[in-house]
Each structure stands twice: as structure tokens, then as C-alpha cells.
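Work through the exercises below with the sequence and the model side by side. Try each task before you read its solution.

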Amino acid sequence: MKVYFRDHVEEFDRPLVVNDLILKLNLNAEEILILDKNTRKILPSDHKILIDDEIEIREVISGG
Amino acid sequence: MERYQRQTIINNWGENGQRKLAGLTISIIGLGGLGSPLAIYLAYLGIGNLLLIDGDTVSTGNLNRQILYNEDDVGKMKAEVTAKRLQMINKNISVKIIDKYIDENNINDYLKNSDGVVDALDNMQSRFIVNRYTVENKIPFFHGAIHGFEGRVTTFIPDGPCLACLYKNPQDNKKPIPAIGAVAGTIASIQVQEVIKYFLNIGELLVGEMKIWDGLKNKFFEIKYEKNSNCTVCGGSK
């Protein structure tokens, strides 16, 4: 799977649950959104990401 | 009505629609980068009653983007300066101010007469307080946020997905958030159009969909989100 985050792309060679991906990338789940890059849908923490999936991670923004 | 003629001729707007806008009370929470263009556009639009809420004063560091203010305003309360500017724009609307920050203790009192709330806040903690209030009182919450060249906008309506369905209560950090007035203007412009469409019941709303403006790539992206049945604010576990 390909994971797009902050203008970088990381590749993983096996399926992962969203929560495990967050742990692997050492991210805080409360500060990010995990998206399916194709459907643009937010993925729940227990969603299994398959090897061919493309994932996008976007950080929460709060400025006004 | 003459001053609004160029908008009342829009399909399904008309003088009835304009009268409806004139009867609304819309609260703008935050009078900074987003709040400046929001307040200006809502005043020009003819929203009859605007409530401006912000406990901050104008500082020199605001003047790169907060287009309601100039160098002579530094040190003055933002709400007071904004109210004066808006009454210069449109004498026919009522502008009230609360020069305090919103919190869990005062929100019921401050927003009790609001038909809708427009988000111009600069932190998630306050947004979550407003989100809970708007869900419980079944009024729309028009969300916007900016960071550098990026802006996001979506609309939370009664019984739809809410802010807590989208975000998991992120913590704010104290670092200055990069901000440009033009990006705030882009997002605020869409928020105002959402206000119009919601209250005039025209067009399509950004419900369950967040638009993300990437100014560096000149592109809008979208995120789809759904109502979470386990949401602690609007779902079954509240």
C-alpha cells in the first residue's frame, strides 16, 4: 500500500489495520484524518487497509 | 430592498428570501482572519442581526490578514472595532457584541438567540464547545479553518454529522498558526455561501463533505464523512 503524508510517500508490503498504521508512523490518532485516497472517505480505526490501497493522511488544522 | 436587488434577482431568492435573511440572528465567533471577511460579507448580505463574539484586542501581528483592522486599531477590542465598521457598511442591520471569549459556562447565554453560528475560531477546544451547543440546540454550525495555504470548510446541520464525527477532539498546541488573509478570504467566502443556501433552502450544502483548499496546488479536494452512531456528541453514546 502507498501512504501519502506531508508530501512524502511511504510504501508497506502487507495489509494493515488503520490503528496499526498510525502506530507504525508514530502519529497521534487525534491529530490526523486517515483517508482512502480514491473514495476520499475517512477510514475508521479498525478498517483493514489492503495491499493495493492508497491512503492519505491529513493533519487537523485549527487556524482562524 | 434596492440595495439587495442584485441578489434578490437570483432564482429562489427574491424579496421573501431577503426578508428571511433580515430576520436572522447569526453569531460570528472569532473576529480574526476568517471573522473579518465573514463579518463584512454577512453585513453586505443583509443578515439582520449579527452577534460578534471575541475577547481579543487588535495587535500588530494581526495586520497581515485581519482585514477589518488597521494600525490605528491596535490595542482596541476587536468586537468594538468590527461593530463600528459593519454599521458603516450597512446601517440597516443590528450589530451586537460580546467582547469575551466563549466557554462552557457562558455559551448558553451568549448563543440563546442565534439561528446559526459561523466558525471563525482559532482553536479546536472552543470549536468542540460550540459544536456541542449547536447539536443540542439544533442550529447549523458553519465550520472553517485555515493553516498556511490550506483552508477547510464544511457545514454541520441539525441531525447531520457533527464536528465530533469528523475529528477526535484534537488538542491545540500553543505555536503560532501560519495564516494568510487571502486563504481566510477563500474559506470565509464559501462559509457565507453556505449560510445563504441553508437559510434560503437553495443549492447543495457541504454536509458530510469537507472542502479542502490547497492554495499551493490551486486545487480543491474533498473529504467524505458520515454521522458516527457512536459519536459522543450527536450519536448514540452521547
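Three exercises follow, each with a worked solution.

This is a predicted model, in which local features need pLDDT of at least 70, side-chain atom pairs count only at pLDDT 80 or more, and totals for chains, interfaces and linings use all residues. Residues are numbered from 1 along each chain as its sequence is written, chains are lettered from A and ligands numbered from 1 in the order in which they are written, and side-chain values use heavy atoms, with hydrogens and water left out.

**Exercise 1. Describe the interface of chain B and chain A.**

Step 1. Count the residues in contact (heavy atoms within 4.5 Å). Chain B gives 32 residues and chain A gives 18 residues.

Step 2. Take the buried area, the accessible area (1.4 Å probe) that two parts lose on being put together, summed over both. Here the value is about 1,900 Å², with 55% from carbon and sulfur atoms.

Step 3. Look for salt bridges (a side-chain nitrogen of Lys or Arg within 4 Å of a carboxyl oxygen of Asp or Glu). The count between the chains is 1. B:Glu150 and A:Arg58 form it, at 3.2 Å, N to O.

Step 4. Find the elements on the chain B side. Helix H6 (124–136) and strands S5 (141–147), S6 (150–156) and S8 (219–224) each give two or more residues. Helices (H or I, at least four residues) and strands (E, at least two) are DSSP runs, numbered from the N terminus. S8(B) has the largest share, 4 residues.

**Exercise 2. Compare the expected span of helix H4 of chain B with the distance between its end C-alpha atoms, then find what its buried residues pack against.**

Step 1. The expected span is 1.5 Å times one less than the number of residues. H4(B) covers residues 78–89, so its 12 residues should span 16 Å. The end C-alpha atoms are 16 Å apart, which agrees.

Step 2. Pick out the buried residues (under 20% relative accessible area; exposed is over 50%, partly exposed in between; 1.4 Å probe, protein chains only). Among them are B:Val81, B:Leu86 and B:Ile89.

Step 3. The buried residues pack against helix H3 (35–45), strand S2 (49–53) and strand S3 (94–98) of chain B.

**Exercise 3. Is B:Glu209 buried or exposed, and what does B:Lys224 touch?**

Step 1. B:Glu209 is in strand S7 (residues 209–214) of chain B. Its relative accessibility is 18%, so B:Glu209 counts as buried.

Step 2. B:Lys224 lies in strand S8 of chain B. At 34% relative accessibility, B:Lys224 is partly exposed.

Step 3. Leaving out residues up to four places away in sequence, B:Lys224 touches A:Thr39, A:Arg40, A:Lys41, A:Ile42, B:Gly208 and B:Glu209.
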